[in-house]
Amino acid sequence: MTRSSSGPDREEILVARDAREMASLGAELLARAIAEAVDARGVARVALSGGSTPLDAYAALATYDLPWDAVDWFWVDERAVPPDHERANFAAARRALAAAPIPEGRLHRMEAEAPDLAAAAARYEALLRASFGVASAVAFDAVTLGIGDDGHTASLFPRTGAALIADRLVAAIPAERTPGLEPRLTLTAPVLRKARLAVVLARGASKRGPVEAARRAGSDDEVPARIARGVEGQLFWLLDEAAAGGG
Ligand code: 6PG
């Protein structure tokens with residue numbers, strides 16, 4: 001692994017030699033954030049992105065000896081499919097974390113299969129505010145993010161205005177704003193930016209350009225993954241050598 005810092009002092013780039021090291025590093029970052037949060041506040045709240053890249057890190061995290069009873073699991077985004085569907089982010093993360101003794105009541109999935117997505121978004125927002133406490137900011141202790149080949153993150157797709165939504169914590173994204181995909185539910189930029197720790201995981205040569213674009217200044221609507229650079233806490237770009245431009 002190679003480590004470098006650039007940009008804001010709370011932003012680091014970690015380049016893993018291979019998928020195994022990438023999973024191990026991702027798990028280590030999440031485990032440390034969870035342990036610190038539980039020590040400090042008695043609870044840890046984690047928001048998980050979907051996609052394939054982070055799944056190995058989730059499986060590695062599940063092998064840690066953590067205070068699993070004190071961790072609440074949320075989702076960064078979800079596709080409009082049933083929760084057990086092969087494309088459901090909830091199902092994928094649940095499988096990856098299967099080795100961890102997570103109480104079912106600590107899993108808070110997004111109900112993106114609901115016919116009224118806007119109402120489901122409002123319900124999830126209410127759940128977040130209740131979990132974090134209405135007087136507190138919704139500041140996740142750890143958030144994982146992916147990056148699409150088009151520069152999207154979460155379900156905030158480029159040139160749709162979704163990355164600029166700032167009047168709610170959870171947004172319903174209609175099919176016409178998700179290029180060829182299902183409608184979505186997604187956390188919005190203001191929530192993602194409040195994270196104490198954000199880990200952007202990107203693997204493969206196709207992610208090199210999007211990562212470079214995300215790390216450059218510019219419009220979040222053009223490259224929604226630029227939202228990561230506004231994270232108030234610690235930001236790690238966890239890349240493999242291909243996504244980092246080497247290898
Ligand atoms: C989703 C994800 C999405 C994902 C990127 C990267 O629901 O699809 O939340 O934002 O992180 O598309 O996906 P991969 O990790 O599979 O490349």
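Here are a few exercises on this predicted model, each with a worked solution.

**Exercise 1. Find which residues come nearest to the ligand, and how the shell around the ligand divides into nonpolar, polar and charged residues.**

Step 1: Start with the neighbours. There are 14 residues around the ligand, and Thr53, Asp77, His152, Ala154 and Lys207 come nearest.

Step 2: Now sort the shell by type. You should get 2 nonpolar, 8 polar and 4 charged residues.

**Exercise 2. Look for N or O atoms in the side chains of threonine 53, asparagine 89 and arginine 184, and work out how far each is from an oxygen atom of the ligand. Then say how much of the ligand's accessible area the protein covers.**

Step 1: Go to threonine 53. Its side chain puts an N or O atom 2.7 Å from a ligand oxygen.

Step 2: Move on to asparagine 89, where the side-chain N or O atom is 2.9 Å from an oxygen of the ligand.

Step 3: Finish with arginine 184, with a separation of 3.2 Å between a side-chain N or O atom and a ligand oxygen. The cut-off for a polar contact is 3.5 Å, so the pair at arginine 184 makes the cut.

Step 4: Now for the cover. On its own, the ligand has 420 Å² of accessible area, and the protein covers 87% of that.

Step 5: Check the pockets too: the space that the ligand takes up is the largest pocket.

**Exercise 3. Alanine 154 and arginine 159 both have a positive phi. Place each one in the fold and decide: buried or exposed?**

Step 1: Recall the background. Most residues other than glycine have a negative phi.

Step 2: Read off the angles. Phi is about 50° at alanine 154 and about 55° at arginine 159, and neither residue is a glycine.

Step 3: Find them in the fold. Alanine 154 sits in the loop between strand S7 (142-145) and strand S8 (170-173), and arginine 159 is in the loop between S7 and S8 as well.

Step 4: Apply the cut-offs. Alanine 154 counts as buried because its relative accessible area is 8%, under the 20% limit. Arginine 159 counts as exposed because its value is 63%, over the 50% limit.

**Exercise 4. Locate leucine 127 in the fold, classify its exposure, and find how far apart it and histidine 108 are in sequence and in space.**

Step 1: Leucine 127 belongs to helix H4, which covers residues 117-132.

Step 2: With a relative accessible area of 29%, leucine 127 is partly exposed, because that class lies between 20% and 50%.

Step 3: Leucine 127 and histidine 108 are 19 residues apart in sequence, and their C-alpha atoms are 8.5 Å apart in space.

Conventions:
Residues numbered from 1 in each chain as written. Predicted model: local features only at pLDDT ≥ 70, side-chain atom pairs only at ≥ 80, totals over all residues. Heavy atoms only, no water. Near = heavy atom within 4 Å. Polar contact = N/O pair within 3.5 Å; in protein donor to acceptor, adjacent residues only side chain to side chain. Areas by Shrake-Rupley, 256 points an atom, 1.4 Å probe, with all protein chains shown as cover. 1 Å grid on protein atoms, 1.4 Å probe; cavity = no way out; pocket = protein on both sides within 12 Å on 5 of 7 lines; lining within 4 Å. Sits in = over half its atoms within 2 Å of the grid points. Nonpolar A, V, L, I, M, F, W, Y, C, P; charged D, E, K, R; others polar. Helix = DSSP H or I, 4+ residues; strand = E, 2+ residues; numbered from the N terminus. Buried < 20%, exposed > 50% of the residue type's maximum accessible area, 1.4 Å probe, protein only.
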